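Here is my note on the model you sent. The points are numbered so that you can reply to each in turn.

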Amino acid sequence: MKILDKLIIKDFLKTYFFVVVMLILVVLVLDFTEKNDSYIRNDVPSGEIFKYMINYGLYLNNLLTPITVFISVIFITSKMAGRTEIIAILSSGVSFMRMLRPFLFAASMIGGVSFLLNGWVLPGATEGVTKFRITYLDKEKTSSESNLHIKVGTDSYAYISRFYNTSNTAYTFTLETIKDGELLAKLSADRIEWDTAKHVWTLHNWRLRELQEREEIYTVGEELDTTLSITPADFDVPPNHHETLKLPELGKQIKILEERGADNVGFYKIERYVRFMSPFAAIILTFIGVIMSARKTRGGSGFQIAMGFLLAFVYIILFILSRTFAENGAAYPIFAVWLPNIIFGLTGLLLYKTVPR
């Protein structure tokens, strides 16, 4: 079986690479055709377009992995079944699980590479795609998220109605100091600006209320310099910032956001769950793909390949839905993220009872 193992692994990886390249090229051509007018209108340099295509291709590789793995497995297995090779292997006394070993080994290689790409390579590609779109395609976008609540200290909480990244200016600023459930001080300002020379925030039209045991001290002023544990970089983040962080950076960002009591920390946690979940999809889909296409059919492999596409799309849709549920406040987000793998894993075990012995 060692020679056959090497042949299966080689054919599997070769087919996977071919399918990946072809699908990515098709999507890139469609994307270029759609955005070509915008490139001409915004006078985008050719070099920037080329870098965008490379980054976007890496991003697509991660997105299309379930489809490419499933199609590759079904193509290889159905071809072997059509030549009665699987019947010959099983007739020689080799168990079905032993025949699965080279497929699962190749799928594990793909999953391992996918984990490395997801954790350390693709975040940079995603960041490049985001920057390109903001710089050349979404020039009108000048503000970040609104209604931001950030914990800036042990007992200090800041609120900003809107931050403009072009001028490093925020409006309707409030800083509250709360200890043991009691409000000790509240600093408000109509506008705050980041001083790039002093690296401090300048408050305009500020008001300070200090609540003591028997009295309240109220102070007002036109300008006041203050230091906070936040900078413009904490506000000027893209909507998919959690996707642009490498795995170690993602862990550090989650810790920072938890200390601040940020509302969006769940998106970063879910992104980390996804990166550990995704590599197992290749193994599970490979297991199902071999089972589905192990029998020789009269109609050839066309129907099996079509079913492979269908099931791969079902997996992707289920993954998107489960991630949406997790981001919208599911009680157990880690379970919601792993739900596609759980469902398809159980489906594979049920299908295993139907395989030829």
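1. Domains. The assignment divides the protein chain into domain 1 (3-138 + 263-353) and domain 2 (144-235). Domain 1 is thus written as two segments, 3-138 and 263-353. The centres of domain 1 and domain 2, taken over C-alpha atoms, are separated by 46 Å. Keep in mind throughout that this is a predicted model.

2. Secondary structure. Eight helices and six strands make up the count for the protein chain. Their order along the sequence is α-α-α-α-β-β-β-β-β-β-α-α-α-α. In that pattern, four helices precede the strands and four follow them.

3. Overall dimensions. The protein chain has a radius of gyration of 27 Å. For a compact globule of 357 residues, the value would be near 21 Å. The C-alpha trace spans about 90 × 50 × 30 Å along its principal axes.

4. Burial, contacts and surface. Of the 357 residues in the protein chain, 41% are buried. Among contacts with a separation of 6 or more, 61% join residues 24 or more positions apart. The accessible surface of the protein chain is about 19,500 Å². Carbon and sulfur atoms contribute 61% of that surface.

5. Aromatic pairs. How many aromatic pairs does the structure hold? The count is 15. One of them is Tyr39 with Phe132, an edge-to-face pair. Its ring centres are 6.0 Å apart, with 70° between the planes. The angle qualifies because edge-to-face requires planes over 60 degrees apart. Tyr39 belongs to helix α1 (residues 2-41) and Phe132 to helix α4 (residues 96-137). The pair therefore links distant parts of the chain, 93 residues apart.

6. Burial of that pair. Are Tyr39 and Phe132 buried or exposed? Tyr39 has 3% relative accessibility and counts as buried. Phe132 has a relative accessible area of 5% and is buried too. The cut-off for buried is under 20%.

7. A second partner for Phe132. Phe132 also pairs with Tyr52. Their ring centres lie 4.4 Å apart and their planes meet at 20°, so this pair is stacked. Tyr52 sits in helix α2 (residues 46-82) and Phe132 in helix α4, so the pair ties together parts 80 residues apart in sequence. Both Tyr52 and Phe132 are buried.

8. The wider cluster. Which residues do ring pairs link into a cluster with Phe132? They are Phe32, Tyr39, Tyr52, Tyr56, Tyr59 and Tyr136. Tyr56 has a further neighbour in Arg133. The charged end of Arg133 sits over the Tyr56 ring, 5.4 Å from the ring centre.

9. Gly251. Gly251 is part of helix α5 (residues 247-260). At 25% relative accessibility, Gly251 counts as partly exposed. That value falls between the limits, since buried means under 20% and exposed over 50%. Gly251 and Lys269 are 18 residues apart along the chain. Their C-alpha atoms are separated by 8.3 Å.

10. Leu349. Where does Leu349 lie? Leu349 is in helix α8 (residues 333-352). With a relative accessible area of 52%, Leu349 is exposed. The cut-off for exposed is over 50%. Leu349 and Leu311 are 38 residues apart in sequence. From C-alpha to C-alpha, Leu349 and Leu311 are 16 Å apart in space.

How values were computed. Residues numbered from 1 in each chain as written. Predicted model: local features only at pLDDT ≥ 70, side-chain atom pairs only at ≥ 80, totals over all residues. Heavy atoms only, no water. Phe/Tyr/Trp six-rings, centres within 6.5 Å; stacked < 30°, edge-to-face > 60°. Helix = DSSP H or I, 4+ residues; strand = E, 2+ residues; numbered from the N terminus. Buried < 20%, exposed > 50% of the residue type's maximum accessible area, 1.4 Å probe, protein only. Lys NZ or Arg CZ within 6 Å of the ring centre and 35° of its normal. Rg over C-alpha atoms; globule rule 2.2 N^0.38 Å. Contact = heavy atoms within 4.5 Å. Areas by Shrake-Rupley, 256 points an atom, 1.4 Å probe, with all protein chains shown as cover. Domains from an automatic or database assignment.
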